[in-house]
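Work through the exercises below with the sequence and the 3D view open. Each task is followed by a solution in steps.

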Amino acid sequence: MNLLFIGDIYASTGRNLVAQHLPELQARHGVQLTIANAENSAGGFGVTPQIADELFSCGVDALTTGNHVWDKRDFHEYLDRCPRVTRPANYPNDLPGRGLIFVQARNGVRAAILNIQGRAMMTPLDCPFRAANSLLDQIPADVKVRFLDFHAELTSEKVAMGWHLDGRVSAVIGTHTHVPTADSRILPGGTAYQTDCGMTGPYDGVIGAEKELVLKKFLTSLPVRLEAAKRGGELHGVLIDVDEYSGRARSLERVVRP
Ligand code: FE2
């Protein structure tokens, strides 16, 4: 079965790209399950219930997030209410939401979606590698299709997670850095891996934000309120063909739409 993952949807530029291209991508590639990271979809900072619903109505089946998931207050209760959205599993247990969900793909196959955050050069959280082990313990053996969005800063931490889960999940795809990496591969155990999927949003900026504002911040070291860049919109995603009987990935292909 074909699974499409769309990288960090950034602000209205990213949302418009999804609305514009998703139907064509799903039809062309016979996509049975579409997952997207939405943590930057509200102006670059967080996601709102309205935006999540809008993405679902565009054809996204499930949403993952990351460190920005807490930015919009009204999204906290949505995390508990909506069964199709995840937040990183290794935040404290008493926060709303969950890091593991089960969704039914369009071909009827039940898939597990996992969301974990890195802790190198990010908020210190519980060990992401142990969090992965404990999420896997909660997945029934007959759920073979397993997708992890690993939201992390550090390349080595992401590569290590790929090896940690090789043969135990169908895919480990990185998010958060917003720059797509050219290291797509199928690991020996059958896990599709890419360090970062890339952002779906405005590339004429600095990882989504207006470049003048980011430069001002770097040049002055003063706090600067960032705004979403407007130009250079590109959709970045990965298309993964998974054998639904074994859970092994057969292929991983980058998908880009200007
Ligand atoms: Fe992030």
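**Exercise 1. Strand β6**

Sort the residues of β6 by the way they point, and state whether they are buried or exposed.

Solution. V145, F147, D149 and H151 point one way from β6, while R146, L148 and F150 point the other way. Residues of both groups are buried, where buried means under 20% relative accessible area, exposed over 50% and partly exposed in between (1.4 Å probe, protein chains only). The count for the strand is seven buried residues of seven, which leaves β6 mostly covered.

Before going on, note that this is a predicted model, in which local features need pLDDT of at least 70 and side-chain atom pairs count only at pLDDT 80 or more, while totals for chains, interfaces and linings use all residues. Residues are numbered from 1 along each chain as its sequence is written, and side-chain values use heavy atoms, with hydrogens and water left out.

**Exercise 2. The sheet around β6**

Find the strand order of the open sheet and its edge strands, then trace how β5 is joined to β6.

Solution. Step one: the order is β4-β5-β6-β7-β9-β8, six strands with mixed pairing. Strands here are DSSP runs of E with at least two residues, helices are runs of H or I with at least four, and both are numbered from the N terminus; two strands pair if DSSP finds at least two bridges between them. Step two: β4 (100-104) and β8 (185-186) are the edge strands, each pairing on one side only. Step three: β5 (residues 110-117) and β6 (residues 145-151) run parallel and are joined by seven bridges. Within this pair, I116 has F150 as its bridge partner, and Q117 stands opposite H151.

**Exercise 3. Surroundings of S41**

Locate S41 and describe what it touches.

Solution. Step one: S41 sits in the loop between β2 (31-37) and α2 (49-57). Step two: S41 counts as buried because its relative accessibility is 0%. Step three: a polar atom of the S41 side chain lies 2.7 Å from the backbone oxygen of A38. Step four: beyond its neighbours within four places in sequence, S41 is in contact (heavy atoms within 4.5 Å) with I9, A11, S12, R15, G46, V47, I51 and L55.

**Exercise 4. Salt bridges**

How many salt bridges does the structure hold? Examine the pairs R81 with E77 and D204 with R231.

Solution. Step one: the structure holds ten salt bridges, each a side-chain nitrogen of Lys or Arg within 4 Å of a carboxyl oxygen of Asp or Glu. Side chains of opposite charge can pair when their charged atoms come close.

Step two: the closest N and O atoms of R81 and E77 are 3.1 Å apart. The two residues are four apart in helix α3 (residues 74-81), so about one helical turn separates R81 and E77. E77 is partly exposed, at 43% relative accessibility.

Step three: D204 and R231 meet at 3.3 Å, N to O. D204 lies in the loop between β10 and α6 and R231 in the loop between α6 and β11 (233-242), so this pair ties together parts 27 residues apart in sequence. D204 is partly exposed at 27% relative accessibility, whereas R231 is exposed at 52%.

Step four: other cases include R250 with D241, at 3.0 Å between the closest N and O atoms, and a salt-bridge network that links E24, R28 and R257.

How values were computed:
A polar contact is a pair of N or O atoms within 3.5 Å; within protein, one must be able to donate a hydrogen and the other to accept it, and residues adjacent in sequence count only if both atoms are side-chain atoms.
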